[in-house]
Amino acid sequence: MSETIRAFRVHEHGDPDVLRLEELPLPEPGPGEVRVRMEAMALNHLDLWVRRGIPGVRFPLPIVPGSDGAGRIDAVGPGVAGIEPGARVFVLPGTSCGRCAACLAGRDNYCRDYGILGESRDGTSAEAIVLPATNVAPVPEGLSLEEAASFGLVYLTAWHMLVHKARVRAGERVLVHAAASGVSSAGIQIARLHGARVIATAGSPEKLALARELGAEEAVNYREEDWVARVKEWAGGDGIDVVFDHVGEETFGPSLRVLGRGGRYVFCGATTGPRLETDLRLVFFRNFEILGSTMGRRADLLRVADLLAAGRLRAVVDPTTFSFEDLPAAHRHLEERRALGKVVVRF
Ligand code: ZN
């Protein structure tokens, strides 16, 4: 009767050693919920922030981190129709009330009760997880388990940034920073899918090669080259139309110098720090749009799943995968900027 599962939980913030592998009771799905036996999960920078803590932000501790994953349905709660035990599913990372004006308009990421698995409630670093039935969808045809586990949060984020916020159009010039990161490898492909041209920055030859493979016309090593000069040269006199960024302090100032008139600067993170300094006159004289973006619409992720199945987009998985017990090592791998695409953990 008292079946248990293993899960990594964070009780206090800190380095990867604070991830504690614990035995927990097998969770039972309530009305409208399903239980997924996890087969793979993938890391996001969010996992690192939840583990390390953010000054002024309170996380519900102890918490199981992890927003992405895939597995099989093994129990279905009362009132859930159309989902059978045994079905292969991937996890949709955002949770919302489903009843408010934003939710009903399909803009669920603007819901006042919006939450993210592994941040506002227990996430995917566990052998089993109970979720609202609206937070799982069938694994797209032809995708491996690792791929299915890896694309959710980054594609959701990158799609919202480029399609709804920056409104990217055919022929536009897009600068994508940190090209080999999960969200940027999705961003390069989404920009290309919409007919835009892409130049990318990254910090190693392998990362530059990946950017080109994903469709970037040019890829610049920011550690070795004057990337501002290279980007200006590539973009020509009109400059860059869209900057896609989550690096923050290190990239913001220089990126404004390559942005053309009417350019849009969209960012979803600040991995090198959140404090920016700029000359506001630059922003209004050149008609810049500075756009913040977080997560995205659930419906868009279903479309992305179709595009993955059709081979129009691909999930980029880091060649190094980790076993569940090695989750702390997986955190380090991502933290040390060694990842080429998504870091996946196998159960
Ligand atoms: Zn809502």
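Here are some notes on the zinc site and three helix contacts in this predicted model.

1. Let's start with the metal. The zinc ion takes its protein donors from four cysteine sulfurs: C97 (SG), C100 (SG), C103 (SG) and C111 (SG), at 2.3 to 2.4 Å. Along the chain, these donor residues follow the spacing C-x2-C-x2-C-x7-C.

2. What is the geometry of the zinc site? It is tetrahedral, with the angles among the 4 donor atoms running from 106 to 115°. For reference, the ideal angle for four tetrahedral donors is 109.5 degrees.

3. Now the helix pairs. Two packed helices are described by the angle between their axes and the distance between the axes, and that is how I go through them below. Take helix 4 (residues 152-165) and helix 5 (residues 182-193): their axes come within 8 Å and cross at roughly 45°. An angle between 35 and 65 degrees is neither roughly parallel nor roughly perpendicular, so helix 4 and helix 5 are oblique to each other. Their crossing is right-handed.

4. Who touches whom here? On the helix 4 side you'll find V154, Y155, T157, A158, W159, L162 and V163, and they meet G182, V183, A186, G187, Q189, I190, A191 and L193 of helix 5. Sorted by class, this contact has 11 nonpolar and 4 polar residues, with no charged ones.

5. Helix 4 has another partner in helix 10 (residues 298-309), where the axes come within 9 Å and cross at roughly 105°. That angle makes helix 4 roughly perpendicular to helix 10. From helix 4, the residues involved are G152, Y155, L156, W159 and H164; from helix 10, they are R298, D300, L301, R303, V304 and L307. The class count is 6 nonpolar, 2 polar and 3 charged. Worth a look on screen: Y155 and W159 are listed in the contact with helix 5 and also in this contact with helix 10.

6. Last, helix 1 (residues 45-52) and helix 11 (residues 327-335). Their axes come within 10 Å and cross at roughly 110°, which makes helix 1 roughly perpendicular to helix 11. The crossing is left-handed. Helix 1 contributes H45, D47, L48, R51 and R52, while helix 11 brings H331, L334 and E335.

7. How do the residues between helix 1 and helix 11 divide by class? There are 2 nonpolar, 2 polar and 4 charged residues. Set that beside the contact of helix 4 with helix 5, where no charged residues appear.

Definitions and conventions:
Residues numbered from 1 in each chain as written. Predicted model: local features only at pLDDT ≥ 70, side-chain atom pairs only at ≥ 80, totals over all residues. Heavy atoms only, no water. Axes fitted to C-alpha atoms, helices over the stretch in contact; angles between N-to-C directions. Helix = DSSP H or I, 4+ residues; strand = E, 2+ residues; numbered from the N terminus. Parallel < 35°, antiparallel > 145°, perpendicular 65-115°, else oblique. Left-handed = near helix turned anticlockwise from the far one by under 90°. Contact = heavy atoms within 4.5 Å. Nonpolar A, V, L, I, M, F, W, Y, C, P; charged D, E, K, R; others polar. Donors = N, O, S within 2.8 Å, 3.2 Å for Na, K, Ca; no water. Tetrahedral: all angles 85-135°; square planar, octahedral: opposite > 155°, others 65-115°.
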